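Let's walk through this structure together, beginning where the chains meet and ending with the charged pairs. Keep the viewer open as you read.

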Protein chains: 2
Amino acid sequence: MSGLRERKKAATRAALSWAAIRLTVARGYHAVLVEDIAQAAGVSPRTFNNYFASKAEAISARHLDRSRRVVDALRARPAGEPLWRAIEAAFLTSWAPGPEVEQSPPGAHEEWVAGLRVMLAEPALQGEMLRAGAVAAAELAEAVAERTGTDAGRDLYPHLVAAAVNAGVGAAMRHFLRAERPEPMERLLSDALAQLAAGLPPPR
Amino acid sequence: MSGLRERKKAATRAALSWAAIRLTVARGYHAVLVEDIAQAAGVSPRTFNNYFASKAEAISARHLDRSRRVVDALRARPAGEPLWRAIEAAFLTSWAPGPEVEQSPPGAHEEWVAGLRVMLAEPALQGEMLRAGAVAAAELAEAVAERTGTDAGRDLYPHLVAAAVNAGVGAAMRHFLRAERPEPMERLLSDALAQLAAGLPPPR
DNA sequence: CGCAAATATGCTGATCCCGCAAAATCTTGG
DNA sequence: CCAAGATTTTGCGGGATCAGCATATTTGCG
């Protein structure tokens with residue numbers, strides 16, 4: 001099952017995706033060729049397209065993988081836990097800033113975020129990013145269905161929850177990238193999920 | 001403002017988008033060349049790319065235009081009307097089945113829906129469709145902000161509402177296309193919006 | 001070790017998409 | 001109505017993407 005082959009494939013996939021992101025953030029989307037990405041990952045250009053159908057998909061792959069970890073995290077929550085508490089917990093564990101954020105030299109973080117902003121502004125990317133979210137949302141719907149005793153094949157409810165959660169994550173992320181001095185992602189996520197769970201009455 | 005030029009441009013855009021959809025539903029995404037679409041719309045292939053950056057964008061353009069009409073419809077609702085009632089009304093007027101549904105010969109409708117299913121299953125399209133929704137959602141957020149006295153530049157709320165509504169529409173649409181004998185789109189939409197407005201507690 | 005399956009690679013062609021400049025078309029002011 | 005100016009369409013050309021196919025390489029297993 002998890003032989004050398006599988007692990008090597010996952011490593012190549014991760015290397016390609018990471019190289020695609022790193023180069024794009026540094027140079028800009030159109031200044032990075034598939035050839036560059038393949039070279040940075042140590043494979044042939046043809047192999048790149050064995051893993052990803054497009055540059056955009058390679059860049060989105062990290063988002064997809066992370067979203068899938070959220071689904072796994074949700075499945076790992078205790079069965080008795082209330083749905084929305086479990087969802088929030090799954091997100092907060094999966095979106096915790098990794099150690100590399102602390103390690104990086106001061107200033108590098110701002111530079112990185114600025115590069116991300118430029119990258120995510122690229123129309124050719126936005127679609128694929130959203131698609132990654134949608135694919136993950138479909139899998140999330142399965143997990144929600146299991147947890148709530150609904151049927152992902154017949155009921156709207158689990159899909160509605162998954163799509164709303166996905167939308168909330170996206171809104172929080174864009175809010176984070178839009179703001180000059182943003183609130184921490186953690187708080188934004190919690191707020192968004194809480195509001196979705198409780199309903200969205202107009203303020204005041 | 002609305003001189004001959006503007007109208008002609010809108011007409012060409014609509015013709016290209018419609019030709020792209022029609023041909024793709026009939027033959028399949030990869031069997032339709034940009035050249036075919038341009039010819040069907042009576043313009044040169046080069047002109048196609050003056051209007052759309054890609055085949056996928058051309059196909060998504062109808063979705064985008066319809067979503068924009070929803071935003072306009074929302075703005076046209078009376079200012080005193082409660083937010084969620086206004087949103088629902090805006091959708092129901094914009095998504096009402098047009099006269100062409102009735103006119104078409106029996107059987108043609110099923111064939112069309114089947115073709116749509118195949119078309120929307122195309123990965124290369126899904127991203128662009130989602131992006132169209134996201135673009136419309138950003139504009140919807142503006143309208144929601146105006147109506148609720150929030151600030152689209154600083155508050156999360158209007159974006160959260162718009163993203164959730166967008167997600168609800170998507171979930172309803174996929175549910176519609178998934179089901180064998182689907183409920184009418186109108187009911188699905190209303191249900192989804194009502195649940196989003198009221199919150200999404202687990203059933204039972 | 002040696003074979004079978006999976007993976008990586010090279011080559012190639014169809015297609016896409018955009019920059020550029022010239023031609024065609026519309027708008028506007030007189 | 002006409003002529004100048006602005007906008008749009010078109011043709012050409014090139015750079016890049018992406019997938020099919022055949023081949024070579026690597027891996028897993030008996």
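Start at the contact between the chains, to which chain A gives 40 residues and chain B gives 39 residues. Please bear in mind that this is a predicted model. Putting chain A and chain B together buries about 3,000 Å², and 71% of that area comes from carbon and sulfur atoms. If you want a place to zoom in, try A:L156, A:L160 and A:L200: they supply 21% of the area that chain A buries against chain B, more than any other three residues.

How are the two copies arranged? A turn of 180 degrees, with a shift of 0.0 Å along the axis, lays chain A on chain B with an RMSD of 0.1 Å. The two copies are thus related as by a two-fold rotation axis. The interface fits this picture: 98% of the interface residues of chain A are interface residues in chain B as well, so the copies meet through the same surface.

Now look at one helix pair in this contact. Helix α9 of chain A (residues 157-178) packs against helix α9 of chain B (residues 157-178) at an angle of about 145 degrees, and their axes are 8 Å apart. The crossing of α9(A) past α9(B) is right-handed. From α9(A), the residues making the contact include A:H159, A:L160, A:A163, A:A164 and A:A167, and from α9(B) they include B:G168, B:A171, B:R174 and B:R178. By type, the residues of this helix contact divide into 10 nonpolar, 4 polar and 4 charged.

What about salt bridges? Across the interface of chain A and chain B, 0 are found, while a search of the whole structure finds 16 over all chains. One to inspect joins the side chains of B:R75 and B:E146, at 2.9 Å from N to O. B:R75 belongs to helix α4 (residues 55-76) of chain B and B:E146 to helix α8 (residues 123-148) of chain B, so this pair ties together parts that are 71 residues apart in sequence.

Notes
Residues are numbered from 1 along each chain as its sequence is written. Chains are lettered from A and ligands numbered from 1 in the order in which they are written. This is a predicted model: local features need pLDDT of at least 70, side-chain atom pairs count only at pLDDT 80 or more; totals for chains, interfaces and linings use all residues. Side-chain values use heavy atoms; hydrogens and water are left out. Axes are lines fitted to C-alpha atoms, for helices over the stretch in contact, and angles run from 0 to 180 degrees between N-to-C directions. Helices (H or I, at least four residues) and strands (E, at least two) are DSSP runs, numbered from the N terminus. A crossing is left-handed if the near helix is turned anticlockwise from the far one by less than a right angle, and right-handed if clockwise. Contact means heavy atoms within 4.5 Å. Ala, Val, Leu, Ile, Met, Phe, Trp, Tyr, Cys and Pro count as nonpolar, Asp, Glu, Lys and Arg as charged, and the others, Gly among them, as polar. Copies are superposed by least squares on the C-alpha atoms of residues with pLDDT of at least 70 in both. Buried area is the accessible area (1.4 Å probe) that two parts lose on being put together, summed over both. A salt bridge is a side-chain nitrogen of Lys or Arg within 4 Å of a carboxyl oxygen of Asp or Glu.
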